[in-house]
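Reader: Could you take me through the pockets of this model, one at a time? I'd like a close look at what lines them.

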Amino acid sequence: MPVPRGRAEPQVLIRGCRPWGAALSDVQVSDGVITEVTAHDPAAPAQEDELDGRGRLILPTFADVHVHLDSTRLGLPFRPHTGGSGVWEMMLNDRAHWREAEVGIVERVAHTLGAMVARGTTRVRSFAQVDVDCGLERLEAVLAARETHRRRAEVQVIAFPQAGLLREEGSAQVLEDALRAGADVVGGIDPCALDRDPVRHLDIVFGLAERYQRPVDIHLHEPGELGRFSASLVLERTRALGMQGNVLLSHGYGLWDGTESQTRALVEDLAEADVATATVAPGGGRGIPLVQLTEAGVRVGLGEDGQRDYWSPYGNADMLDRTWQLAFTSGFRADVLVEHCVAVATAGGAAVMDRARPRPASVDDRPGLEVGADAHLTLLPGDTVTSAVMDRPQDRTVIHAGRVVAEGLELV
């Protein structure tokens, strides 16, 4: 009997599915939590609330922990890329055009978040640009989308000073206003390269974090030694303020192009301070030492970044596609490593959003489907998890808190 849509189910049995590609199993869900995983019994009598897994894989839902929902153009006519070079020029290009879109920002953000849910992402950490140009308008659009999809997804919103905090008068005040308006996380960006005063920049970011008891997420596009210097300052602040477990470094493009000893030391420092990191699986050799970070105990998540916006023509709301990109740009071929990319994109991101959740402890660890885990689940076909990454099948059933919220890439 199909599971009724659109309401929370106190009890659901998902029959005939393969957790992380293992043997055919039945997964019992009660009150939004996995309560039992047993070998599939085809002779067992049907239950009133039952979902036919059809022999598909079952995985934790994806967690996109680095997405800019407020700049999305998904679903709109394609436009040529007009951005310049560097963060400041790209920001100015976005600023010049984001109000010109064919539909309003509230509708655009809600559409993109819904498309992400339909493809299997029910945990989201989105940036919302706040500056002297847009004020809180873009933040309010992301908060509105969170409310629209509140029964389908868990969303954290980062107040993000894309234009920096020191280049335009009033920027720091807008950032504080965003926290008062409901932002969950304090953002920062390139303390040296953009604001050219890392002490003042980090004073503002960590000062607000301490005052409002919010975590911190800092974009680092800075190259090489400059990026490592900024990272060292962030680590220093984290320790001094006792914010271990509440700080994340996004991108970190320049952190990993140093010597082997520099990389090893930085990995150890991140682990010791429990500073997480998020990657968008960039090309051009700008990736992260994923295996080394995992084995050291660093929380690592994956994100899609912009979604076909004024910064980039890339992005399609599909984290399974971005997982393929993570495996490809990492040079992974072995099944265990490709599957690890799925673990990072699911359980890894969940642990970024809440450090109490289980993270992949090694490249062959597959958390997120054990008894007691939240019933945020995706069913999809595939001979193996790796084959699903390669094929990116469209036959997906998405479950959030024990309730079916999408079927066949459509919300329900």
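Author: Sure, let's start with the helices around the largest pocket: helix H1 (86-97) and helix H9 (319-329) each put at least two residues into its lining. Keep in mind that this is a predicted model. The volume of that largest pocket comes to about 810 Å³. Its lining is made up of 35 residues, and Tyr253, Val280, Arg286, Asp305 and Ser312 are the ones closest to the centre. Sorted by class, you get 16 polar residues, ten charged and nine nonpolar in the lining of the largest pocket.

Now for the runner-up. The second largest pocket has a volume of about 170 Å³. Here 14 residues do the lining, with Arg123, Pro358, Gly368, Ala373 and Asp374 closest to the centre. Helix H10 (residues 335-353) is the top contributor to this lining, giving three residues. The class split for the second largest pocket is five nonpolar, five polar and four charged.

While you have the model open, have a look at some strand pairing too. Strand S14 (residues 377-380) runs antiparallel to S5, and four bridges join the two. One spot to click on is leucine 59, whose bridge partner in S14 is threonine 378. S5 (residues 57-60) also pairs with strand S1 (residues 11-19), this time in parallel and through two bridges. There, arginine 18 has leucine 57 of S5 as its bridge partner. As you trace these, remember that side chains in a regular strand alternate between the two faces of the sheet.

Definitions and conventions
Residues are numbered from 1 along each chain as its sequence is written. This is a predicted model: local features need pLDDT of at least 70, side-chain atom pairs count only at pLDDT 80 or more; totals for chains, interfaces and linings use all residues. Side-chain values use heavy atoms; hydrogens and water are left out. On a 1 Å grid over the protein atoms alone, a cavity is a set of points where a 1.4 Å probe fits but cannot get out, and a pocket is an open set with protein on both sides within 12 Å along at least five of seven lines; lining residues have an atom within 4 Å of a point. Grid points are joined across faces, edges and corners, and a volume is the space filled by probe spheres set on the points. Ala, Val, Leu, Ile, Met, Phe, Trp, Tyr, Cys and Pro count as nonpolar, Asp, Glu, Lys and Arg as charged, and the others, Gly among them, as polar. Two strands pair if DSSP finds at least two bridges between them.
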